[in-house]
Amino acid sequence: MIDAPSPARQNLLVPSPLPLRRLLVAATAVLAVAGCAPADTNSAPATAATCTPGALPTRTDGILTVGTDQPVYPPWYIDDDPTSGNGFESAVAYAIAGELGYPRDKVTWARVPFNAAVQPGPKAFDLNLTEFSITDERRQAVDFSAPYYDVKQAVVALASSPFAGATTVAALKDARLGAQVGTTSYEAIVDQIKPSAQPAVFNTNDDAKLALTNGQVDAIVVDLPTAFFITSAELQGSKIVGQLPAGSGTPEQFGAVLDKGSPLTGCVSAAVERLRSAGTLTALEQQWLASAGSAPALK
C-alpha cells in the first residue's frame, strides 16, 4: 500500500550522521533487558552503563528528540501541540523522557509523516509516538519499544446511515468503508470486515471524517479512544457502531518507534516497563482515554 503525498512531508527533517559514540554503544550492548514485554522481541538490550540518565547516545547530545505526525489528534495530543504534555501520547512521551533522565526543557519534537516514520532508513527522531501498532511487518524496518497501550478498533458512522445499527461484522460487508493510510485501522477493514468494495484510503483522520460527513463513505474505522472523541466532540450526529473483535494471540499494542538497531530501544523499553509497574501508564490512560460511554462489541 502506497501512502499518497501529504503536505506534512515538508516537515520531515534530514537526519544527521550517527555519532560514533552511538555506534560504539550499539556494538557493545548486552543480550537482554529485564522486564521487557514479550510483544516486542527486537528491543535492544539495556544496562545501567548504556542507560545513563540524561547521557544516552541520542541524535543531539543532551537532548531527546521525540517524533510525531502532523497533524495529531485528541485524545492522543491536544490542539495539535505535542509540546504541551496534554493528551495521552504527549504525556507518555514526557514520562518516558523523565525516566531516561531528560526533563521537559531537554526534549524537542520533530514532525514526521506517519508512513515515513516506519520506512527503512535513519530517522529524524530518537523515538516516535504516533499510535504505531507493533507488527511483524514494521519490525523489518524499525525497532519498537515495549508496548504502552493495548488497542481496540471501532467503526464510526453517522446515525442516519443504514449501517449505523449493525450488530455483526458481517452486516458491514456491503458498506463503503475507509481509514487512514498505513494504519492497522485500514488492515482491520481488509482482514476482519472484508468488505465487498475496496476500502477508501485517506492521508489523515481529518480527511476520513470529512468523507464520512460528505457521504463518500458509510463508515470509518479508527482506534476506540479516537472513536469516542469523534462521536462526542467532533461529528454531531455520529455514533460508534461497535468495536471489532479482538484477534487471537497477542492483542494489538502501541509502541514507540525507533531506528532499526537503535542503542536506545532497550533503554526506552525499560523506561516503559517502569512506568507500567509504577501505575503511571494506567493513570495517564484514565486521565486522557477513559470515557463515560461504552461501545458495543460487533459479533
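**Figure 1. Lys194, just after helix α5, has a positive phi of about 50°.** In this predicted model, local features need pLDDT of at least 70, side-chain atom pairs count only at pLDDT 80 or more, and totals for chains, interfaces and linings use all residues, where pLDDT is the predictor's confidence in each residue, from 0 to 100. Residues are numbered from 1 along each chain as its sequence is written, and side-chain values use heavy atoms, with hydrogens and water left out. Helices (H or I, at least four residues) and strands (E, at least two) are DSSP runs, numbered from the N terminus. The buried residues of α5 are Thr184, Ser185, Tyr186, Ala188, Ile189 and Ile193, buried meaning under 20% relative accessible area, exposed over 50% and partly exposed in between, with a 1.4 Å probe and protein chains only. The cover over these buried residues of α5 includes α4 (136-139), β6 (153-158), β7, β8 and β9.

**Figure 2. Helix α5 (residues 184-193) belongs to a right-handed β-α-β unit together with β7 and β8.** A crossover is called right-handed if, with the strands pointing away from the viewer, the path from the first strand over the helix to the second runs clockwise. Strand β8 (residues 200-202) runs parallel to β7, and three bridges join them, with Ala179 standing opposite Val201 in β8. Two strands count as paired if DSSP finds at least two bridges between them.

**Figure 3. Strand β9 (residues 219-223) pairs with β7 (residues 177-180) in the parallel sense over two bridges, and with β6 in the antiparallel sense over five bridges.** On the β7 side, Leu177 stands opposite Ala219, while Gly178 stands opposite Ile220. On the β6 side, Ala157 has Ala219 as its bridge partner in β9. Five of the five residues of β9 are buried, so this strand is largely enclosed by the rest of the structure.

**Figure 4. The largest nonpolar core has 36 residues, of which Ile96, Leu100, Leu127, Leu129 and Tyr148 touch the most other members.** A nonpolar core is a set of buried Ala, Val, Leu, Ile, Met, Phe, Trp, Tyr and Cys residues joined through side-chain atoms within 4.5 Å. Two or more residues of this core come from each of β1 (64-68), α2 (88-99), β2 (107-111), α8 (265-277) and α9 (280-288), and α2 gives the largest share, eight residues. Apart from this core lies another, of 18 residues, with Ala175, Tyr186, Ala188 and Leu244 among them.

**Figure 5. Leu100 is seen here with its contacts and with Ala55, which lies 8.7 Å away, C-alpha to C-alpha, and 45 residues apart in sequence.** Leaving aside neighbours within four places in sequence, Leu100 is in contact (heavy atoms within 4.5 Å) with Thr52, Pro53, Gly54, Leu56, Leu64, Cys267, Val268 and Ala271. Ala55 itself sits in the loop between α1 (20-28) and β1, and is partly exposed, with a relative accessible area of 40%.

**Figure 6. The whole protein has nine helices and 12 strands.** Its mean pLDDT is 85, and 81% of its residues reach 70 or more; over residues 1-41, however, the pLDDT is below 50, although this stretch has 78 contacts in the model beyond near neighbours in sequence. Of the 299 residues in the protein, 54% are buried. Among contacts between residues at least 6 apart in sequence, 74% join residues at least 24 apart.
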